[in-house]
Amino acid sequence: MIEQEFIPLVDLRAQYQTIKSEILAALSDTLERMDLFLGENVRLFEQEFAEYCGTRHCIGVGSGTDALILALQACGVGPGDEVITVANTFIATVEAIHAIGATPILVDVDADTGTMDPQQLEARITRKTRAIVPVHLYGRLADLPSIMEIARRHSLLVVEDACQAHGASDGQRRAGSFGDVGCFSFYISKNLGAYGEAGAVVTDNPEIAQRVNLLRNHGSQSKYHHVTLATNSRLDELQAAVLRVKLRYLDQWNEQRRAHAATYKRLLDGLGLDLPSIPSQPSHVFHLYVVRSDRRDDLREGLQAAGVATGLHYPVPVHLQPAWFAHGYETISLPVTETLAREVLSLPLYPEMTPGQIERVCTAVRQVLASPRRHESRVEAGGLAAEQDLHPRTL
Ligand SMILES: Cc1ncc(COP(=O)(O)O)c(C=O)c1O
């Protein structure tokens, strides 16, 4: 019997092989110069990424989580303030709000897009609300026109969590440039991923930019002179060297992701799965290809048996995570978010995927759906799901 190759959710080695010589040259050059502290790569990456996003400023920081924390702090959000966001996200979005002493207020999401439902927003605005943090989930732009309109009417700040949406655009502007501030993660498997931890804050506002700049570097304007209490969250010079190489490929990789998503849609249509729509503008850059099914757990098990990795983004919504029990969040009802947690399934998607691999995934999906039901779908990821998520931060 011929052993079939395992299809991973994401294949970082395949991407590395296509850019290896450029990456090694960039790292070698940096090491030869020993310019390792907020050096030329950080400075140039900040310029290049600001230009890419269409903002006046970019400040490189240590991670996407830090980008959110420092952006909120730089906007003056803090204890006593409420910040409205979603529970259908990676926990860092909500963690960052908590970390600065503000109170996260969680609203439900739109059933089609999984992103913040603007209709839920207005009812949750109080006198304490300072900011809104929409999340561009899976690479799809949240409904920024509606969210910005509500925010402006109530004089609220908008901090975009663009950690999954590098390059997503409505045809005129890119993710990160709609609100007051945009926050990016360059976690290894993002559409623009470093080879370690990294993140960035982008903004048009020079005061916010200057504050993030201070906050990421011990509040220091010149060496050993500290004007504000802050932290160390500088973008690492070697990661900036990697990011400068990869940024040149981002649009091409995003196009490949969109082409693969279109192939999935063609091959999976008519099987009863809920497939993500593919907007004509690149407002969805498919960080993840997430389908919905009431047979999600059957699919996950069957695909694993067929040698195809899958992911759950996310198996437990933020408000139902034990980490938040002490805050009483488990009593909040977010029906759409909770249904999504039972039904979502991420299929393999990365720019270097071959048509043959996509075909194999789809054949396996068809086979599972043609077989009798084995599992009831559930929110809690038990047995199989928990085992497969041994390295949950791979995505
Ligand atoms: C939506 C979202 N927000 C925030 C983060 C946090 O980014 P990082 O892992 O770089 O801290 C991530 C990264 O996984 C994310 O997906």
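**Notebook: strands, rings and voids**

Strand 5 and strand 6 (residues 181-185) run parallel, and I find 3 bridges joining them. I note at the outset that the model is predicted. For a register point, I looked up Val159 and found its bridge partner in strand 6 to be Val181.

**Entry: the other side of strand 5**

I turned next to strand 4 (residues 129-132). It also runs parallel to strand 5, with 2 bridges between them. Here Ala131 is the residue that stands opposite Leu157 of strand 5. I then traced the connection: the chain leaves strand 4, passes through helix 6 (residues 144-153) and arrives at strand 5, a β-α-β crossover that is right-handed.

Is strand 5 enclosed or open to the outside? I checked burial residue by residue. The strand covers residues 157-161, and 5 of the 5 are buried, so strand 5 is largely enclosed by the rest of the structure. As to direction, I have Leu157, Val159 and Asp161 pointing one way and Val158 and Glu160 the other way, all of them buried. I record that Asp161 and Glu160 are in this buried set and that both count as charged.

**Entry: strand 10**

I repeated the check on strand 10 (residues 289-292). Tyr289 and Val291 lie on one side, Val290 and Arg292 on the other, and all are buried, which leaves both faces covered. Its partner is strand 11 (residues 344-347); the two run antiparallel and 4 bridges join them. Tyr289 has Leu347 of strand 11 as its bridge partner.

**Entry: aromatic pairs**

I counted ring pairs next, and the count comes to 11 aromatic pairs. For Phe49 and Tyr52 I get ring centres 6.2 Å apart and planes at 10°; the angle is under the 30 degree limit, so the pair is stacked. Both residues sit in helix 2 (residues 40-53), 3 residues apart, which is about one turn of the helix. Phe49 and Tyr52 are both buried.

I also looked up Tyr249 and Trp253. This aromatic pair is stacked as well, at 5.4 Å centre to centre with 20° between the planes. Trp253 has a relative accessible area of 3%, so I enter it as buried.

Which residues join Phe49 and Tyr52 in one aromatic cluster? I find Phe45, Phe184 and Phe186.

**Entry: cavities**

I searched the whole structure and got 3 cavities of 30 Å³ or more. The largest cavity has a volume of about 60 Å³. I list 14 residues in its lining, and those nearest its centre are Val10, Leu12, Gln15, Lys190 and Arg257. By class, the lining of the largest cavity divides into 5 nonpolar, 4 polar and 5 charged residues.

**Entry: second largest pocket**

For the second largest pocket I have a volume of about 290 Å³. Which of its 15 lining residues are the closest to its centre? They are Phe37, Asn217, Ser220, Gln221 and Ser222. Helix 7 (206-215) and strand 8 (220-222) each supply at least two residues of this pocket's lining. I sorted the lining of the second largest pocket by class and got 4 nonpolar, 8 polar and 3 charged residues.

Technical notes:
Residues are numbered from 1 along each chain as its sequence is written. This is a predicted model: local features need pLDDT of at least 70, side-chain atom pairs count only at pLDDT 80 or more; totals for chains, interfaces and linings use all residues. Side-chain values use heavy atoms; hydrogens and water are left out. On a 1 Å grid over the protein atoms alone, a cavity is a set of points where a 1.4 Å probe fits but cannot get out, and a pocket is an open set with protein on both sides within 12 Å along at least five of seven lines; lining residues have an atom within 4 Å of a point. Grid points are joined across faces, edges and corners, and a volume is the space filled by probe spheres set on the points. Buried means under 20% relative accessible area, exposed over 50%, partly exposed in between (1.4 Å probe, protein chains only). Two strands pair if DSSP finds at least two bridges between them. A crossover is right-handed if, with the strands pointing away from the viewer, the path from the first strand over the helix to the second runs clockwise. Rings of Phe, Tyr and Trp (its six-membered ring) pair if their centres lie within 6.5 Å; planes under 30 degrees apart count as stacked, over 60 as edge-to-face and the rest as tilted.
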